[in-house]
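Reader: I would like to go through the terms used for this model one by one, and to see for each of them how the value compares with the definition.

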Amino acid sequence: MDLELVSEVLANEPSYRRTQVWEWAARGVGSYAEMTNLPVRARALLEERAPFSTLVPEHEAHAADGTVKVLFRTLDGHPVEAVLMRYRDGRRSVCLSSQSGCPLTCTFCATGAMRFRRNLTAWEMVDQALHFRRLEPIDHSVFMGMGEPMLNLEAVLTAARRLPDLGVTHRRTTISTVGWLPGLTRFVDEVAEPIRLALSLHAPADALRSELMPVNDRFPLDEVLAECRRYVELRGRKVFVEYVMLAGVNDSPEHAAQLAALLDRRSFKVNLIPYNPTGAYDGSGRESIAAFKAVLDEARLPATVRLTRGRDIAAACGQLAATA
Ligand code: SAH
């Protein structure tokens, strides 16, 4: 729902009408017709001039573990994927895309291999969450779908700031980045809300990181980590570090020791991500992941192994890539 368009369409109505529309939408209604406290003429105008969603669902896949992946099209035809993850403890987390495709070319990521289309608008991000909100209540969100949020920060923040109305507090919203410094610096300086920050690290040193993530040539590790530490200092919250486990590439005990030396435990919490096959690499086995984690545990660097959700429908981390 493009709220700016809604405002234009309702320009001749009192301004609280716009608020009413948003409140209904955020609570998960599926049409203007259900917004019963709006005058019939306002509803009719909206029906005619403001599409209820900025995204059209095109395909939906359901995994055995309850994960749902939806492929949408923007109104100008670009593909966008989003995922609803359901956990046994009742958590309902939505994984949102910030761009259609991604201009970065991380070698292990399926989105990186598809053509970059464009930045999404804030409303196109909100509409991904609203789609799932119409299915059931949601309480967590991660900007870990397609795209690099820090390349589209303004719109990402506008969207993130709407999510509490859908039931997702700022503390339960995480924005993930490769460490795109201009955006990251702005995020650290300007975002006073307790929105969480995650850094996709994937290697404990520059040479290997540049191989996996060409963006590292532009923004080297020490500068990115310094910015993360500034976030910790300024905001008083740890940064999550994402580390995807690639067999024989970045998963040896030596890599783990280097990682433990690189990251101080007061500032960082590591999330080891089992690799979801997209062609280029083999994922580390369970034993190598456990051995890697043992080194971090020994160094008392907090670390967890991420639960994989939605693998059987290619909805897991890094698998979002519409072929069309
Ligand atoms: N561009 C941002 C947001 C995308 S988040 C970022 O990179 O942080 C998507 C996460 O999934 C990133 O940590 C990414 O590195 C990870 N990922 C990408 N491909 C993956 C794969 N095939 N298996 C597991 N994780 C993957």
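Reader: What makes α5 mostly covered?
Author: In this predicted model, 12 of the 12 residues of α5 are buried, where buried requires 20 or more other C-beta atoms within 10 Å of a residue's own, 12 or fewer making it exposed and anything in between partly exposed, with C-beta atoms placed from the backbone. The buried residues of α5 include Trp-123, Glu-124, Asp-127 and Arg-133. Local features need pLDDT of at least 70 and side-chain atom pairs count only at pLDDT 80 or more, while totals for chains, interfaces and linings use all residues. Residues are numbered from 1 along each chain as its sequence is written.

Reader: How do you know that the span of α5 agrees with what is expected?
Author: A helix is a DSSP run of H or I with at least four residues, a strand a run of E with at least two, both numbered from the N terminus. The expected span is 1.5 Å times one less than the number of residues, so the 12 residues of α5 should span 16 Å, and the end C-alpha atoms are indeed 16 Å apart, which agrees.

Reader: Why is the set that includes Ala-129 and Val-239 called a nonpolar core?
Author: The name applies because such a core is a set of buried Ala, Val, Leu, Ile, Met, Phe, Trp, Tyr and Cys residues joined through C-beta atoms within 7 Å. The largest one has 92 residues, of which Ala-129, Val-239, Val-241 and Val-270 touch the most other members. Helix α5 (residues 122–133) gives it the largest share, 7 residues. Leaving aside residues up to four places away in sequence, Ala-129 touches Val-94, Leu-96, Ile-138, Ser-141, Leu-163 and Leu-166, contact being C-beta atoms, placed from the backbone, within 7 Å.

Reader: What makes β1 and β2 a pair?
Author: Pairing asks for at least two bridges found by DSSP, and β1 (residues 55–62) and β2 (residues 68–74) have 7, in the antiparallel sense. Val-56 stands opposite Arg-73 in β2, and in the turn of this hairpin, with 5 residues between the strands, Gly-66 has a positive phi of about 95 degrees. Strand β2 is also joined to β3 (residues 79–86) by 6 bridges, again antiparallel, with Val-83 as the bridge partner of Lys-69.

Reader: How do you know where domain 1 ends and domain 2 begins?
Author: The bounds come from an automatic or database domain assignment, which divides the chain into domain 1 (1–52) and domain 2 (53–313). Their contact takes 9 residues from domain 1 and 10 residues from domain 2.

Terms used: Contact = placed C-beta atoms within 7 Å.
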